Number of protein chains: 2
Amino acid sequence: MSFDTYELSDRKKSILKAIVEAHIKLGEPVGSKYLMQEGNIPYSSATIRNEMAELEGLGYLEQPHTSAGRIPSELGYRFYVDTLVAQYDATTQEAGQLKKLLSVKQAEIDKILENATKVASAMTNYTALSLRPRPSSITIKKYEAVYLDPYSFIIVMIAGGSDSVKTRNIKLPFSITSDLIKLLSQVLNVFLTGISINEMNISLMVDMEKYLEDNSGEDKKLCAELISITVKGIYETMNELGSEIKFEGLNRLLEHPEYKNLDKLQKMISAIESKEDIIKAVSTIDQSDDETKIFIGSENMVKIMDDSTLIYKNLKLNGKTIGAIGIIGPCRMDYSKVLSTIDRLSEEINNMSSLDALPPGTIIKTEEDDNGKQ
Amino acid sequence: MSFDTYELSDRKKSILKAIVEAHIKLGEPVGSKYLMQEGNIPYSSATIRNEMAELEGLGYLEQPHTSAGRIPSELGYRFYVDTLVAQYDATTQEAGQLKKLLSVKQAEIDKILENATKVASAMTNYTALSLRPRPSSITIKKYEAVYLDPYSFIIVMIAGGSDSVKTRNIKLPFSITSDLIKLLSQVLNVFLTGISINEMNISLMVDMEKYLEDNSGEDKKLCAELISITVKGIYETMNELGSEIKFEGLNRLLEHPEYKNLDKLQKMISAIESKEDIIKAVSTIDQSDDETKIFIGSENMVKIMDDSTLIYKNLKLNGKTIGAIGIIGPCRMDYSKVLSTIDRLSEEINNMSSLDALPPGTIIKTEEDDNGKQ
DNA sequence: CTTTAGCACTCTTTTTGTTCAAGTGCTAAA
DNA sequence: TTTAGCACTTGAACAAAAAGAGTGCTAAAG
């Protein structure tokens, strides 16, 4: 990246570009003769060979073995992608299609992410992933505590921005009244609305305890404990709300010859299944960043994926980051297609009709959970 | 199954058993010589050969090609499993381990299922799956409608038995008041508590409309529409609550030589990813059934999985079916291990300390959801 | 009548050798 | 600076041969 690409002559650039594109298309090493005939390089194979030898010396190309053609190195792909992105003139052919696929009465953020992932995977033929925004950026705009029985209640949290709903079931070591829970509801809404996970601190809890004690007439210790347990639950829930990752099109991995190699495939599936690694890797990306990020080969933070490429972009809806979408595939990836798909997709979502304009009576599905209280 | 296994002599049985076990262990066809030397069959290879030829004639064995040993046919596996299950004397070595793995303050049904799946996959080295009970058996024991703004509210539903919490966000084409939502809450609790999805009918809705109209003084049409939209949402939500399927240990598929065959692997991954097929297949199993079900090869209802085995068992907690767990792998599966693991696991869960006995202050995590209202 | 040793036979796997084609690097000429 | 030509390397493809595994059958032994 910091490599000085300007030392490359125009001819070298065009040869490199042609090699990358041919390799993406064919999946095989490309030779000088092919470039001359099909690659639109107006020089003899000998000249091309000389250039290729130099490009190899510079680290842009690799040769699997003596009598094979060249394949792009990671640096070669990186060069290609960088120039591609620079001249990138969104090939708009498929925009309408995307719109149609996405526009099916989208209501829920989850559904949007899920559909976007499906569409991305289907259109590019690679495995796609989606990620929720990270916990620290989440705030709750409304709380509701629901009384269940003397020893348990449920907190319903509605996230600001995305309007996600998450619930948490809390079981207590002491008994409480339905009225106290109503009051708790009030306390939560007064003190914790709009507060991010980082802003939850002790002094806030002390205030909450005091408020609850004053207005309920309950025992001080009980109030303190109730608040403590409740806030802890909320804290954990907010943490879980963020950074959820989902995959789509796993089976498409198998369609690409690079994953016929069972070792690579195994690595890849393990990486995908463990999730944590990928979340961690992707979490380093600035969440407000609008750029499409491309990690080629060893640039990937997930060591295990070091011969694959991850293309990744934050998704915004009405200006708010609602998550991110990514494509995973071999380094030999149709970058142009993937980039255009992802960009189109994110644009489409960004411009999606505000949900206030939903058809009347729309039922907005939310989510579900279990808790084993009994 | 209805095949008359009693026509087999003891010697044939022991040979068949030895072949199945050797094949499970080695993953390769087994020959007469091997059985004589390693398989603990006290006859000469010639005698064994004769018996094998007969077993093949009876359909219990197959020969990949002339000069290969024999492998068990589906019928052979079925015989093995049936007798295995019959004499099945739970090899208890790993029971303690299971207990430890599961006992980490289990609170949530989801978590129990998830952990059970992980444990099952880890201990057997096969891919495991878990399934929620089906929708028709779910009832809601408590509703709570949460007012959001004049045009939207959220319904919180707490499932009976499993105490799952699910929420649904509803957007209205007309405006409502916070008080009306409170009343709606009441209506839902009065009319829909304990009602299964099959019992929701028109007359119930008419009653609800009437009740709401009488007690709120709102316009009749508005009440009717509110109830209709709400019930529809609840209905859909209950449907979604059931039959959720999750997988664990996908990467372990790759560890078994039968899935080195990319075709099989691809089929398998597709089957797993599409989910619906497997849900449909498994749904035919009686939910209250306590037996461990074993589907070998073409016995599987998912055509695509017709050279794999699915072992499947309902899980109960305090007498209630909370879901099911399954193991998927090649027909050449270590049945003894898998069966014992699944049985242990289900027993362990069944006996799990009632959640009332949870340590005080336990926070019972529930779940989350999105809805794109905005 | 049952079991077993022995052997010919079949079929797969592995090895070996040969040929082929691709693609290169280098040299010398244009 | 470019290009034609050629020797060289190397993997891929194919065929033939060899090795190995396991069987079925026959005939002898218990």
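A polar contact is a pair of N or O atoms within 3.5 Å; within protein, one must be able to donate a hydrogen and the other to accept it, and residues adjacent in sequence count only through side-chain atoms on both sides. This is a predicted model, in which local features need pLDDT of at least 70 and side-chain atom pairs pLDDT 80 or more, while totals for chains, interfaces and linings use all residues. Residues are numbered from 1 along each chain as written, chains are lettered from A and ligands numbered from 1 in the order written, and side-chain values use heavy atoms, without hydrogens or water.

**View 1. Side chains of chain A meet DNA strand C.**
Ser32(A) has a side-chain N or O atom 2.7 Å from a phosphate oxygen of DNA strand C. For Arg70(A), the side chain places an N or O atom 2.9 Å from a phosphate oxygen of this strand. Arg49(A) contacts a base instead: an N or O atom of its side chain is 3.1 Å from a base nitrogen of DNA strand C. Two elements each give two or more residues to the surface near DNA strand C, namely H3 of chain A and H3 of chain B. Helices (H or I, at least four residues) and strands (E, at least two) are DSSP runs, numbered from the N terminus.

**View 2. The protein surface around DNA strand C.**
DNA strand C has 21 residues around it, of which Ser32(A), Met52(A), Thr47(B), Thr66(B) and Ser67(B) come nearest. Of the atoms of DNA strand C within 4 Å of the protein, 74% belong to sugar and phosphate. A residue counts as near when one of its heavy atoms lies within 4 Å. H3(B) supplies the largest share of this surface, four residues. By class, the surface near DNA strand C holds five nonpolar, 12 polar and four charged residues. Here Ala, Val, Leu, Ile, Met, Phe, Trp, Tyr, Cys and Pro are nonpolar, Asp, Glu, Lys and Arg charged, and the others, Gly among them, polar.

**View 3. DNA strand D and its surroundings.**
How many residues surround DNA strand D? There are 21, and the closest are Thr47(A), Thr66(A), Ser32(B), Met52(B) and Arg70(B). Sugar or phosphate accounts for 69% of the atoms of DNA strand D within 4 Å of the protein, and bases for the rest. The surface near DNA strand D consists of five nonpolar, 12 polar and four charged residues. Its largest share, four residues, is given by H3(A).

**View 4. Polar contacts to DNA strand D come from both chain A and chain B.**
A polar side-chain atom of Ser32(B) is 2.6 Å from a phosphate oxygen of DNA strand D. Two further side chains contact bases: Ser67(A) has an N or O atom 2.9 Å from a base oxygen of the strand, and Arg49(B) has a polar atom 3.0 Å from a base nitrogen. Helix H3 (45-58) of chain A and helix H3 (45-58) of chain B are the elements that give two or more residues to the surface near DNA strand D.

**View 5. Helix H6 of chain A.**
H6(A) runs over residues 109-124, 16 in number, and reaches 22 Å from its first C-alpha to its last. This is close to the expected 22 Å, taken as 1.5 Å times one less than the number of residues. The helix is largely enclosed by the rest of the structure, because 12 of its 16 residues are buried. Buried means under 20% relative accessible area, with over 50% exposed and in between partly exposed (1.4 Å probe, protein chains only). Among the buried residues of H6(A) are Ile109(A), Ile112(A), Leu113(A), Val119(A) and Met123(A), and also Asp110(A) and Asn115(A). After H6(A) comes Asn125(A), which has a positive phi, near 70 degrees.

**View 6. The five-stranded open sheet of chain A.**
The strands follow the order E7-E3-E10-E9-E8 in chain A, with antiparallel pairing. E7 (245-248) and E8 (292-296) stand at the edges with a single partner strand each, so one side of each has no neighbour in the sheet. Two strands pair if DSSP finds at least two bridges between them. E3 (residues 127-131) of chain A is joined to E7(A) by four bridges, and the two run antiparallel. Ser130(A) has Lys246(A) in E7(A) as its bridge partner.

**View 7. The open sheet of chain B.**
Five strands in chain B take the order E7-E3-E10-E9-E8, with antiparallel pairing. E7 and E8 (292-296) of chain B are the edge strands, each pairing on one side only. E9 (residues 308-317) and E10 (residues 320-330) of chain B are antiparallel and share 10 bridges. Ile311(B) stands opposite Ile327(B) in E10(B).

**View 8. Strand E7 of chain B.**
Side chains alternate along E7(B), residues 245-248. Ile245(B) and Phe247(B) point to one face and are buried, whereas Lys246(B) and Glu248(B) point to the other and are not. E3 (residues 127-131) of chain B runs antiparallel to E7(B) and is joined to it by four bridges. Lys246(B) in E7(B) is the bridge partner of Ser130(B).
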